Amino acid sequence: MTEIPLDTAAFQPPPAYAESKTANNTGIKASLGCADTEHDFLRENERWPTAEEERTWVHVADNIPTAAFLIIVTEFCERFTYYGASGIFNNYISNGYKVPGSSPGAIDGGKQMATGLINFFQFFCYICPIFGAIVADQWLGKYKTILLFACVYLVGNLILTLTSIPASIRASGALPGLIISMIVIGLGTGGIKPNVSPMVAEQYTRTRPFIRRLKSGKEVLVDRDATIQSMFNWFYWSINLGSLSAIATSELEHNVDFWPAYLLPTLMFVVCILVFWLGRNKYIRNPPTGSILLMAASCLATGVRQSRAAKRSGQMLRDDTGAKLNWMEYAKPSNMVDVPASPVAWGDRFVDELRCTLKACKVFIFYPVYWLCFGQITNTLISQAGEMNTGGVPNDIMQNIDPLFLIIFIPIFDKVLYPGLRRCGLDIGPILRIFIGFVLAAIAMAYAAIVQHLVYSTGPYYDHPESRHNDISAAIQIPAYAFIAWSEIFASITGLEYAYTKAPQSMKSIVMSIFLFMNCGGAILAFCFNPISADPHLVKNFGIAAGLMGFFAFLFYACFYKYDNQEQRSKK
């Protein structure tokens, strides 16, 4: 399609937009959040909207670029591998090998060992992204970091597969092999997770709303925010499509053995690396920006030091309204009271970007309780299903009800619910969406507590089933998975979107890694729950999780509801 030069467009964009190319000239770099946006372009059948059109027309999402789809396919393959392997950890650790009348197993460590190791694995997988973000931002960039750590990830999968063969299990090699593979896979995950979702969004280069005339003659107002929201919806959809691999690996462990169950995701990860590499010439790659974390720490320390110096000397600065400036404003070179002997390494804009980053990160503080609730899918809910009548279906297949719901409902939310609400003039802000997600997670845990009470109230084994089945159908678990799935659409997807859109270009991987790091907080909380993560205490486990989530959901909204109002005002 023919691009229309800016000076021939319907009208000139505002000065805030400035044209730029990426370092390797692969496209137009887009900055979001608090950073200045840049000059955009128009194609054939497109024009800039008037102020009235931008204010009153319904905003729709643009088409997703091909490069972004390649990364989404890569994420599907990686999550196929991750969930296919980790989805059968519970049985692999809990139960003995080839024990007649028992669920499949290998290590015979019991439920508490299984819960502890799975929580450790989740903790390690989500603390490593801090390291992966630093590597990407300071040295390699996102593309090379993902490719390098994918090779590390593959080594971990190979270790897990080789130590799960019958000879290794009988020689007591399964447990050390599992622990080593968890560490290696965790390192690999740490290099991929903080970089892959920002890289998806970076493939969309349009920065300001525009009007496109469709083949039907109808004109629509295409909006970047709606497009980024849609891209993250489909990104998360691919994650959950990949997580259905746990169905295949559960059937393999149940009907064949563990080594083919782990071999399947290992082979899929080879496909993951290949797909990502094939798109190498299509990706927009933003270059590494240097040691942002060290500069940010120095900037914060300077802000504290300079604000104290201003207070001591009576030189406190005020804004146009007469209010005192925030202490971080004193880190700006233009506002420093005690001018240092050598110039600082940042400018005024960097301080503004850092403030936006900290503002986004404050929202994430409440996520550990949410991840505590979400983590029940991979351990205690599987154990709960193991005490119920599953109709011959392996108990660890039940967790796949969650991604099935997500695969069905994410397109409905993306194509029907959210556009319908926008047509009605109801644009639900990210804070309200996260709050709704938190409430749904609390409902899921409360329902799981009720189900567990019913399990313990049913014979023949009541509250001491010990991997045996009470006479109650596992189908009553389904609503718990449904509530968790709906909560992910509101809380988890919105968290990814918020981490990207509210971070400046130079800090997107860092902010994403901080968002992912909140999973570590959830894992730490889960460790605290370990004493009540086995029979006959599971009702307390779910009940306390529900109470905590409900309390923190309303506290979260009370703290941050104003952010949505501020965003709406800024759009207007």
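Leaving aside neighbours within four places in sequence, Y456 is in contact with E387, Y462, D463, A534, D535, P536, H537, L538 and V539, contact meaning heavy atoms within 4.5 Å. The model is predicted, so that local features need pLDDT of at least 70 and side-chain atom pairs count only at pLDDT 80 or more, while totals for chains, interfaces and linings use all residues. Residues are numbered from 1 along each chain as its sequence is written, and side-chain values use heavy atoms, with hydrogens and water left out.

Y456 belongs to helix 15, which covers residues 430-456; helices (H or I, at least four residues) and strands (E, at least two) are DSSP runs numbered from the N terminus. The relative accessible area of Y456 is 11%, and the residue is therefore buried. Here buried means under 20% relative accessible area, exposed over 50%, and partly exposed in between, with a 1.4 Å probe and protein chains only. Y456 is also 10 Å from M388, C-alpha to C-alpha, with the two positions 68 residues apart in sequence.

Two cis peptide bonds are described here. One of the contacts of Y456 is P536, and the peptide bond from D535 to P536 is cis, with omega near 5°. P536 is placed in the loop between helix 17 (508-528) and helix 18 (538-571). Another cis peptide bond joins G459 and P460, with omega of about 10°; P460 is in the loop between helix 15 and helix 16 (478-501).

Positive phi values occur in the loop between helix 3 and helix 4, at K98 and at D108. For K98, which is not a glycine, phi is about 55°; this residue is exposed, with a relative accessible area of 52%. For D108, likewise a residue other than glycine, phi is near 60°, and the relative accessible area of 56% makes D108 exposed.

Salt bridges were considered next. Side chains of opposite charge can pair when their charged atoms come close. With a salt bridge taken as a side-chain nitrogen of Lys or Arg within 4 Å of a carboxyl oxygen of Asp or Glu, the count comes to 18. R433 and E497 form one such pair, their closest N and O atoms being 3.1 Å apart. R433 lies in helix 15 and E497 in helix 16, so this salt bridge ties together parts that are 64 residues apart in sequence. Both R433 and E497 are buried. Q229, in helix 7 (residues 224-243), is in contact with R433 and E497 as well as with Y418 and R422, its neighbours within four places in sequence being left aside. The relative accessibility of Q229 is 8%, which means that Q229 counts as buried.

A salt bridge also forms between E78 and R79, with 2.6 Å between the closest N and O atoms, and both of these residues are buried. The side chains of E53 and R47 meet in a further salt bridge at 2.9 Å, N to O. In that pair E53 counts as buried at 13% relative accessibility, whereas R47 is partly exposed at 24%. In addition, E46, D62, R206 and R212 are linked in a network of salt bridges.

Helix 9 comprises residues 258-278. At 1.5 Å a residue, its 21 residues should span 30 Å, and the end C-alpha atoms are 31 Å apart, which agrees; the expected span is 1.5 Å times one less than the number of residues. The buried residues of helix 9 are F258, P260, A261, Y262, P265, T266, M268, F269, C272, I273, V275 and F276. Among the elements that cover these buried residues are helix 2 (66-86), helix 3 (89-94), helix 4 (110-162), helix 6 (174-202) and helix 8 (245-255). L267, also in helix 9, joins I165, W259 and L263 in a nonpolar surface patch with about 330 Å² of accessible area together. Patches are made of residues with over 30% relative accessible area and no salt bridge, like charges being joined within 9 Å and nonpolar side chains (Val, Leu, Ile, Met, Phe, Trp, Tyr) within 5 Å; accessible areas come from the Shrake-Rupley method with a 1.4 Å probe, and for residues only the protein chains shown count as cover.

A search of the whole structure finds zero disulfides, a disulfide being a pair of cysteine sulfur atoms within 2.5 Å. C373 is in no disulfide, the nearest cysteine sulfur, that of C528, being 14 Å away. The sulfur of C125 is 7.2 Å from the closest cysteine sulfur, in C128, which is too far for a bond. C125 is buried, at 0% relative accessible area, and C373 is buried at 0%.
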